[in-house]
Amino acid sequence: MAVEELQCIIKRCQILEEHDFKEEDFGLFQLAGQRCIEDGYINQLLEIIQDEKNKTIIKTMGWNLVGPVVRCLLRGREEDKREECFLIFDLLVKLCNPKELLLGLLELIEEPSGKQISQIILLLLQPLQTVIQKLPNNKAYSAGLALSTLWSQLSLLPVPHSEEQIQADDYGLCQCCRALIEFTKPFVAEVASDKEDPANTKLKDELLKFCFKSLKCPLLTAQFLEQSEEVGNDPFRCFASEIIGFLSQIGYPVPQIILNHGRKKRTWDYLEFEEEEDRQLADSVAALTYLVFVQGIGTDQLPMVLRTGSGVDDSTCEDGRLTSRTGSGRKVTPKSKSFDFYISVIISSAHVQACTQVIQY
């Protein structure tokens with residue numbers, strides 16, 4: 001019986017010091033624990049994990065059980081066992097070595113495909129955030145690794161291009177965008193609290209990379225709902241607003257990014273962008289410009305003289321049909337976005353030229 005096997009392994013390990021645990025012990029513990037879950041002995045496994053005498057064993061080996069527990073939760077075959085599974089999962093997050101747990105969670109996020117991507121991300125985001133915050137060191141690197149992994153998986157999901165698709169959210173991308181914002185907020189707040197602290201430099205870099213990636217995907221090809229509707233009903237408009245807000249909070253306001261892009265020396269030149277990321281940078285800045293000057297997102301960061309030159313001010317275009325305004329009624333595609341962006345640049349270029357010295361700060 002799986003429970004007896006697990007208890008036997010634990011009894012043998014209880015008399016050992018943590019550094020005396022062997023690789024064989026880890027394998028036997030994982031195998032027995034997994035069999036307990038598969039055979040339905042969830043409650044017995046929970047009691048073993050809750051036992052104070054097993055605290056050291058769970059801290060060192062328990063992360064091996066995260067995968068089987070998460071897969072059990074995703075299957076959801078036995079509703080009466082879900083509560084115990086969640087309790088086990090919460091205890092493992094609380095008790096296990098955070099470094100090993102982080103790697104285990106990221107591996108689980110990378111596993112699925114299709115609609116399962118959003119399911120596992122929504123399940124693991126909060127525990128992942130908790131684990132990163134518990135790390136004694138390398139928090140910035142770990143946060144960056146987590147954000148990169150999450151973005152890579154979300155970029156595989158199809159971006160909905162109609163109001164009906166957005167509301168249906170079949171692949172869960174819209175839900176994930178909302179959840180990802182909440183996941184990122186504590187790290188942004190940490191940098192914003194002291195931008196000059198050298199300890200925050202690496203975290204600031206990782207957040208900047210994440211924001212640039214998010215501007216390219218999903219925001220570069222996202223369909224935005226009509227501006228006349230409540231902003232809260234449009235997940236991509238909310239996501240764009242938060243991403244632009246993050247950039248400002250970590251020290252990169254919209255005017256600074258747009259005006260410095262393309263120059264020989266950019267404000268983020270000290271960043272070691274990978275070759276692929278650097279190639280994508282132009283798309284990210286183009287998306288940012290489109291969001292601000294056409295969609296009117298984040299215009300509160302612009303000087304007043306530039307706000308009157310952006311696509312969000314109808315005074316620049318009497319009938320409001322020049323850009324992809326909500327009243328146009330046409331579907332926004334990447335090609336139409338290019339046209340709208342081109343028009344918005346023509347409208348705002350004179351103002352930008354006149355105000356360059358004003359907004360470089």
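Here a biologist asks a modeller how the labels on this predicted model were reached.

Biologist: Let's start with trust. What are the mean pLDDT of the chain and the share of residues that reach 70 or more?

Modeller: The mean pLDDT of the chain is 81, and 76% of its residues reach 70 or more. pLDDT is the predictor's confidence in each residue, from 0 to 100.

Biologist: And where does pLDDT stay under 50?

Modeller: Over residues 309-330, where the model has 51 contacts beyond four places in sequence, and over residues 345-361, with 23 such contacts. Where pLDDT is low, the predicted coordinates should not be read in detail.

Biologist: Fair enough. How many helices and strands are in the chain?

Modeller: The chain has 17 helices and zero strands. Of its 361 residues, buried ones make up 49%. The chain exposes about 17800 Å², with carbon and sulfur atoms supplying 49% of that area. Take contacts between residues at least 6 apart in sequence: 70% of them join residues at least 24 apart.

Biologist: Pick a helix. How do you know that the span of helix α6 agrees with 1.5 Å a residue?

Modeller: The expected span is 1.5 Å times one less than the number of residues. Helix α6, residues 79-95, has 17 residues and should therefore span 24 Å; its end C-alpha atoms are 25 Å apart, which agrees.

Biologist: Which residues in α6 are buried, and what do they pack against?

Modeller: Cys85, Ile88, Phe89, Leu91, Leu92 and Val93 are buried. The buried residues of α6 pack against α3 (42-50), α4 (55-61), α5 (66-75), α7 (98-110) and α8 (116-134).

Biologist: Why is cysteine 85 called buried?

Modeller: Buried means under 20% relative accessible area. Cysteine 85 has 2%, so the label fits.

Biologist: Now α3. What makes asparagine 43 partly exposed?

Modeller: Partly exposed covers the range between under 20% and over 50%. Asparagine 43 is at 37% relative accessibility, so it counts as partly exposed. Asparagine 43 has its place in helix α3, and its C-alpha atom is 8.6 Å from that of cysteine 85, 42 residues apart along the chain.

Biologist: Back to the cysteines. How many disulfides does the structure hold?

Modeller: Zero. Cysteine 85 is in no disulfide: the nearest cysteine sulfur, that of cysteine 72, is 3.5 Å away, and a disulfide needs the two sulfur atoms within 2.5 Å.

Biologist: Why is cysteine 13 too far for a bond?

Modeller: The closest cysteine sulfur, in cysteine 8, is 9.5 Å from the sulfur of cysteine 13, so a bond is ruled out by the distance. Cysteine 13 is also buried, with a relative accessible area of 1%.

Biologist: What makes threonine 149 buried, and which residues does it touch?

Modeller: Its relative accessible area is 8%, and the cut-off is under 20%, so threonine 149 is buried. Threonine 149 sits in helix α9 (residues 139-154). Leaving out residues up to four places away in sequence, threonine 149 touches Leu106, Ile109 and Glu110. A polar atom of the threonine 149 side chain also lies 2.8 Å from the backbone oxygen of leucine 145.

Biologist: And why is arginine 178 called partly exposed?

Modeller: Arginine 178 has 43% relative accessibility, so it counts as partly exposed. Arginine 178 lies in helix α11 (residues 173-193). Phenylalanine 239 is 61 residues apart from arginine 178 in sequence and 6.7 Å apart in space, C-alpha to C-alpha.

Biologist: On to the loops. Asparagine 138 and aspartate 169: which is buried and which is exposed, and how do you know?

Modeller: Asparagine 138 has a relative accessible area of 53%; exposed means over 50%, so asparagine 138 is exposed. Aspartate 169 has 12%, which is why it is called buried. Asparagine 138 is in the loop between α8 and α9, while aspartate 169 is in the loop between α10 (163-168) and α11.

Biologist: What phi values do they have?

Modeller: Asparagine 138 has a positive phi of about 60 degrees although it is not a glycine. Aspartate 169, not a glycine either, has a positive phi of about 45 degrees.

Biologist: One last thing: which residues does a cis peptide bond join?

Modeller: Cysteine 217 and proline 218, with omega about 15 degrees. Proline 218 is in the loop between α12 (201-216) and α13 (235-249).

Technical notes: Residues numbered from 1 in each chain as written. Predicted model: local features only at pLDDT ≥ 70, side-chain atom pairs only at ≥ 80, totals over all residues. Heavy atoms only, no water. Helix = DSSP H or I, 4+ residues; strand = E, 2+ residues; numbered from the N terminus. Buried < 20%, exposed > 50% of the residue type's maximum accessible area, 1.4 Å probe, protein only. Contact = heavy atoms within 4.5 Å. Areas by Shrake-Rupley, 256 points an atom, 1.4 Å probe, with all protein chains shown as cover. Polar contact = N/O pair within 3.5 Å; in protein donor to acceptor, adjacent residues only side chain to side chain.
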